[in-house]
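The following exercises ask the reader to locate residues, classify their exposure and describe their surroundings in a predicted model. Each task is followed by a worked solution.

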Amino acid sequence: MWLKAIDHIQVTSTPELEAEMIFFYGRALGLSEIPKPVSLQAVGAWYQLGNTQVHIATEPEIPNIQSRRHIAFQVEDLEAFRQHLQSLDVEIIPDRQPLANCDRFYLRDPAGNRIEILAYH
């Protein structure tokens, strides 16, 4: 196998949504922000989760709202995390294609990027 690991995932938003994106990934999802390289510090933010980074960037116009592409985050306690998100008024999108080995739901960040939240059982 050639591929070794996922190094990072980049999601995008319009510049107008940058502050909401940083709040969403940093506060709502609770990711730890890490320093960006000096040459990239003008916009966005980078976060670390285990060995994987999530990068927030801006672009002029992104038609994300209908896309099924997504990031999937695994959690230990799905219901506790659901309650946390609901307390921040994050809309929960139910799973319409249940899987036998996990429970999950979806949400969209402020720019419309789709996110899957799952817990294995």
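**Exercise 1.** Determine where Asp89 is placed and whether Asp89 counts as buried or exposed.

*Solution.* Step 1: Asp89 is found in the loop between α2 and β6 (93-94). Step 2: the relative accessibility of Asp89 is 72%. Because exposed residues are those over 50%, Asp89 counts as exposed. Step 3: the backbone of this residue deserves a note, since Asp89 is not a glycine and yet has a positive phi of about 60 degrees.

**Exercise 2.** Identify the residues of the largest nonpolar core that touch the most other members, and the elements that give two or more residues to this core.

*Solution.* Step 1: the largest nonpolar core holds 25 residues, and those touching the most other members are Tyr25, Leu29, Leu85 and Ile117. Step 2: two or more residues come from each of α1 (18-28), β3 (45-49), β4 (52-58), β5 (70-74), α2 (78-87), β7 (102-108) and β8 (114-120). Step 3: with four residues, α1 gives the most to this core. Step 4: for Leu29, leaving out residues up to four places away in sequence, the residues touched are Phe24, Phe73, Phe81, Leu85 and Ile115.

**Exercise 3.** Classify Leu107 as buried or exposed and list its contacts beyond four places in sequence.

*Solution.* Step 1: Leu107 belongs to strand β7. Step 2: because its relative accessibility is 0%, Leu107 counts as buried. Step 3: outside its neighbours within four places in sequence, Leu107 is in contact with Phe24, Leu85, Val90, Glu91, Ile93, Asn113, Arg114, Ile115 and Ile117. Step 4: one of these contacts, Ile117, lies ten residues from Leu107 in sequence, with a C-alpha to C-alpha distance of 8.0 Å.

**Exercise 4.** Carry out the analysis for Gln53: which strand holds Gln53, and is Gln53 buried or exposed?

*Solution.* Step 1: Gln53 is located in strand β4. Step 2: the relative accessible area of Gln53 is 17%. Because the cut-off for buried is under 20%, Gln53 is buried. Step 3: not counting residues up to four places away in sequence, Gln53 touches Asp7, His8, Ile9, Ile34, Trp46, Tyr47 and Gln48. Step 4: Gln53 and Ile6 are separated by 47 residues in sequence, while their C-alpha atoms are 8.5 Å apart.

**Exercise 5.** State how many aromatic pairs there are and describe the geometry of the pair formed by Phe24 and Tyr25.

*Solution.* Step 1: the count comes to two aromatic pairs. Step 2: for Phe24 and Tyr25, the centres are 5.2 Å apart and the angle between the planes is 75 degrees. Because planes over 60 degrees apart count as edge-to-face, this pair is edge-to-face. Step 3: both Phe24 and Tyr25 are buried. Step 4: together with Tyr47, Phe24 and Tyr25 make up one aromatic cluster.

**Exercise 6.** Report the volume of the largest pocket, the residues that line this pocket and the element with the largest share of the lining.

*Solution.* Step 1: the largest pocket contains about 210 Å³ of space. Step 2: its lining consists of Ser67, Arg68, His70, Ile93, Pro94, Asp95, Arg96, Gln97, Arg104, Tyr106, Arg108 and Arg114. Step 3: β6 and β7 are the elements that give two or more residues to this lining. The largest share, three residues, comes from β7. Step 4: among the lining residues are Tyr106 and Arg114; the charged end of Arg114 sits over the ring of Tyr106, at 4.0 Å from the ring centre.

Conventions:
Residues numbered from 1 in each chain as written. Predicted model: local features only at pLDDT ≥ 70, side-chain atom pairs only at ≥ 80, totals over all residues. Heavy atoms only, no water. Core = buried A, V, L, I, M, F, W, Y, C linked by side-chain atoms within 4.5 Å. Buried < 20%, exposed > 50% of the residue type's maximum accessible area, 1.4 Å probe, protein only. Contact = heavy atoms within 4.5 Å. Phe/Tyr/Trp six-rings, centres within 6.5 Å; stacked < 30°, edge-to-face > 60°. Lys NZ or Arg CZ within 6 Å of the ring centre and 35° of its normal. 1 Å grid on protein atoms, 1.4 Å probe; cavity = no way out; pocket = protein on both sides within 12 Å on 5 of 7 lines; lining within 4 Å. Points joined across faces, edges and corners; volume = space filled by probe spheres on them.
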